[in-house]
Amino acid sequence: MPYIDGFVIPVPADRQQAFIDHANTVDAVFLELGATRVVEGWGDDVPAGQHTDFARAVAATGDEVVAFSWIEWPDKATRDAAFEQLRDDPRMRDMPMPFDGKRMIFGGFVPVVDLKV
């Protein structure tokens, strides 16, 4: 059964290209370790909500854009094995992040509906 990792990330607006460069490097490793697809989205229409919203969820400041990303895996076992390998992967050590990783939110999800055209 497929498995999805989702991420919401506050990124300084002036660091968009650094975010894209970082994503291209890291995402290639995810694909190498078994991911079937990685999508990185740059906030374009992210409205403020009355009670909560993406920006508040990650404590984004006025000069930050919310990025929304996901990784598709063939199954949770492949994802778990990949994340175990990532812990020791020298490419991941000391890699500068163009955002505050402490405010990134993430989680793993089991798809329950998957509609396609």
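Here are some questions and answers about this predicted model.

User: Does anything stand out about H1's length, and what span does the helix reach from its first C-alpha to its last?

Analyst: H1 covers residues 16-32, so by the usual rise of 1.5 Å a residue you can work out an expected span. That expected figure is 24 Å, and the helix comes close to it. From first C-alpha to last, H1 reaches 24 Å.

User: Which elements do the buried residues of H1 pack against?

Analyst: The buried residues here are Phe-19, His-22, Ala-23, Val-26, Asp-27, Val-29 and Phe-30. They pack against three strands and a helix, namely strand S1 (3-12), strand S2 (37-42), strand S3 (64-73) and helix H3 (76-88).

User: Which residue with a positive phi follows H1?

Analyst: Look just past the end of the helix for a phi near 120 degrees. The residue there is Gly-34.

User: Is Leu-33 buried or exposed?

Analyst: Leu-33 is found in the loop between H1 and S2, and it touches Trp-73, Thr-78, Ala-82, Gln-85 and Leu-86, leaving aside residues up to four places away in sequence. Its relative accessible area is 16%, and the cut-off is under 20%, so Leu-33 counts as buried.

User: How far apart in space are Leu-33 and Trp-73, C-alpha to C-alpha?

Analyst: In sequence the two are 40 residues apart. Leu-33 nevertheless touches Trp-73. C-alpha to C-alpha, the distance is 9.6 Å.

User: Which residues touch the most other members of the largest nonpolar core?

Analyst: That core has 17 residues. The elements giving two or more residues to it are S1, H1, S3 and H3. The residues touching the most other members are Ile-9, Val-11, Phe-19, Phe-30, Ile-71 and Trp-73.

User: What does Val-11 touch, not counting residues up to four places away in sequence?

Analyst: Val-11 is one of the core residues that touch the most other members. Leaving out residues up to four places away in sequence, Val-11 touches Phe-19, Trp-42, Asp-63, Glu-64, Val-65, Ala-67, Pro-98 and Phe-99.

User: Which element gives the largest share of the lining of the largest pocket?

Analyst: About 640 Å³ of space lies in this pocket, and the elements that give two or more residues to its lining are S1, H1, S3, H3 and strand S4 (105-109). The largest share is 6 residues, and it comes from H1.

User: How many residues of the lining of the largest pocket are nonpolar?

Analyst: The lining has 25 residues, with Phe-7, Val-26, Phe-30, Phe-83 and Met-104 nearest the pocket's centre. By class, 5 are polar and 5 are charged, and the nonpolar ones number 15.

User: What is the volume of the second largest pocket?

Analyst: This pocket's lining has 9 nonpolar, 1 polar and 3 charged residues. Its volume is about 220 Å³.

User: Which residues lining the second largest pocket are the closest to its centre?

Analyst: S1 and S3 are the elements that give two or more residues to this lining. Of the 13 residues that line the pocket, the closest to its centre are Pro-2, Ile-4, Glu-72, Pro-111 and Asp-114.

User: Is Arg-79 buried or exposed?

Analyst: Arg-79 lies in helix H3 and touches Tyr-3, Asp-5, Trp-73 and Gly-108, not counting residues up to four places away in sequence. Its relative accessible area is 15%, and anything under 20% qualifies, so Arg-79 is buried.

User: And Phe-106, is that buried or exposed?

Analyst: Phe-106 is found in strand S4 and touches Gly-6 and Phe-7, not counting residues up to four places away in sequence. Its relative accessible area is 60%, and the cut-off is over 50%, so Phe-106 is exposed.

User: Which residue has a positive phi although it is not a glycine?

Analyst: Look in the loop between helix H2 (54-57) and S3. The residue there touches Glu-64 and Arg-103, not counting residues up to four places away in sequence. With a phi of about 55 degrees, the one you want is Ala-59.

User: How does Ala-59 count at 47% relative accessibility?

Analyst: Buried needs under 20% and exposed needs over 50%. At 47% Ala-59 falls in between, so it counts as partly exposed.

Conventions
Residues numbered from 1 in each chain as written. Predicted model: local features only at pLDDT ≥ 70, side-chain atom pairs only at ≥ 80, totals over all residues. Heavy atoms only, no water. Helix = DSSP H or I, 4+ residues; strand = E, 2+ residues; numbered from the N terminus. Buried < 20%, exposed > 50% of the residue type's maximum accessible area, 1.4 Å probe, protein only. Contact = heavy atoms within 4.5 Å. Core = buried A, V, L, I, M, F, W, Y, C linked by side-chain atoms within 4.5 Å. 1 Å grid on protein atoms, 1.4 Å probe; cavity = no way out; pocket = protein on both sides within 12 Å on 5 of 7 lines; lining within 4 Å. Points joined across faces, edges and corners; volume = space filled by probe spheres on them. Nonpolar A, V, L, I, M, F, W, Y, C, P; charged D, E, K, R; others polar.
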